[in-house]
Amino acid sequence: MQEKRSNSNRSKETCSALIAAARSLFVEKGYAATGTPEVVDQAGVTRGALYHHFRDKQALFQAVAETEAAKIAREIEAHSAYATSPVEALMHGANAYFEAMRKPGRVRLLLLEGPAVLGSDEMRRIDIQTGGQELRQGIKDALGETASTVKIDIYADLVSAMFDRAALACDAGADIKAYENAITSLLTILVQRKSEPLL
């Protein structure tokens with residue numbers, strides 16, 4: 001039994017080392033310029049270990065993207081946990097997202113390389129399974145129980161796109177505070193007009 005646990009732990013450690021090494025290289029060099037031999041070398045594992053965990057480089061990139069998105073989701077959830085209203089939770093979540101996306105490499109991995117390597121549909125799936133669920137719940141809470149699933153999904157897609165565009169602008173040197181203030185205003189308008197038809 002102890003041996004099984006040890007093997008399981010080693011397997012998790014190897015997988016984590018590969019993801020960490022790949023993240024570092026993808027951020028530094030980009031997906032196309034990163035070779036799997038470099039990842040193996042930096043992770044300190046064998047080539048066989050890489051292909052035991054991941055079928056190819058694209059699958060490894062997907063694991064990096066999923067890991068990064070899950071970390072961001074946890075940061076957003078932590079910042080929104082003590083909000084006193086749905087609107088405040090959305091505001092806290094928005095600010096947490098911007099703070100999380102300031103970590104070096106995240107914009108490149110999730111907003112630039114991600115769609116190019118995995119496609120927009122796969123990135124949307126990753127988003128929905130991580131922070132996107134938090135956003136949808138926040139919008140549902142803010143709009144009220146009578147809001148339709150279609151309306152919630154459309155609002156969430158549009159708000160998410162707004163967040164991503166702002167993150168790209170801030171990464172390029174735009175005024176972060178100005179974008180945070182603008183998004184706060186837009187979210188407030190969205191919630192205040194919740195009783196009006198979407199289309």
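In the predicted model, K29 and E38 are joined by a salt bridge in which the closest N and O atoms lie 2.4 Å apart. Both partners fall in the intermediate class of solvent accessibility: K29 counts as partly exposed at 32% relative accessibility, and E38, at 29%, is likewise assigned as partly exposed. A further salt bridge links R102 with E99, with a separation of 3.2 Å between the closest N and O atoms. Here, too, the two side chains belong to partly exposed residues, the relative accessible area being 49% for R102 and 46% for E99.

A salt bridge is also formed by the side chains of D157 and R136, with an N to O distance of 2.9 Å. Because D157 is located in helix α9 (residues 149–171) and R136 in helix α8 (residues 131–143), this pair ties together parts of the protein that are 21 residues apart in sequence. The surroundings of the two partners can be described by their accessibility: D157 is partly exposed, with a relative accessibility of 32%, whereas R136, at 8%, is buried, since this value is under the 20% limit. In addition, R23, E68, E75 and R106 are joined into one network by salt bridges that share partners.

Taken over the structure as a whole, 13 salt bridges are present. The protein carries 24 positive and 26 negative side chains, and the centres of these two sets are separated by 3 Å.

With regard to the overall fold, the protein contains ten helices and zero strands, so that the order of elements from the N terminus on reads α-α-α-α-α-α-α-α-α-α. Along the principal axes, the C-alpha atoms fill a box of roughly 60 × 45 × 30 Å. Of the contacts between residues at least 6 apart in sequence, 66% join residues that are at least 24 apart.

Buried residues account for 40% of the 199 residues in the protein, and R136 is one of the residues that count as buried. The area exposed by the protein is about 11,000 Å², of which 53% is supplied by carbon and sulfur atoms.

Conventions:
Residues numbered from 1 in each chain as written. Predicted model: local features only at pLDDT ≥ 70, side-chain atom pairs only at ≥ 80, totals over all residues. Heavy atoms only, no water. Helix = DSSP H or I, 4+ residues; strand = E, 2+ residues; numbered from the N terminus. Buried < 20%, exposed > 50% of the residue type's maximum accessible area, 1.4 Å probe, protein only. Contact = heavy atoms within 4.5 Å. Areas by Shrake-Rupley, 256 points an atom, 1.4 Å probe, with all protein chains shown as cover. Lys, Arg positive; Asp, Glu negative; His and termini not counted. Charge placed at Lys NZ, Arg CZ, Asp CG, Glu CD. Salt bridge = Lys/Arg side-chain N within 4 Å of Asp/Glu carboxyl O.
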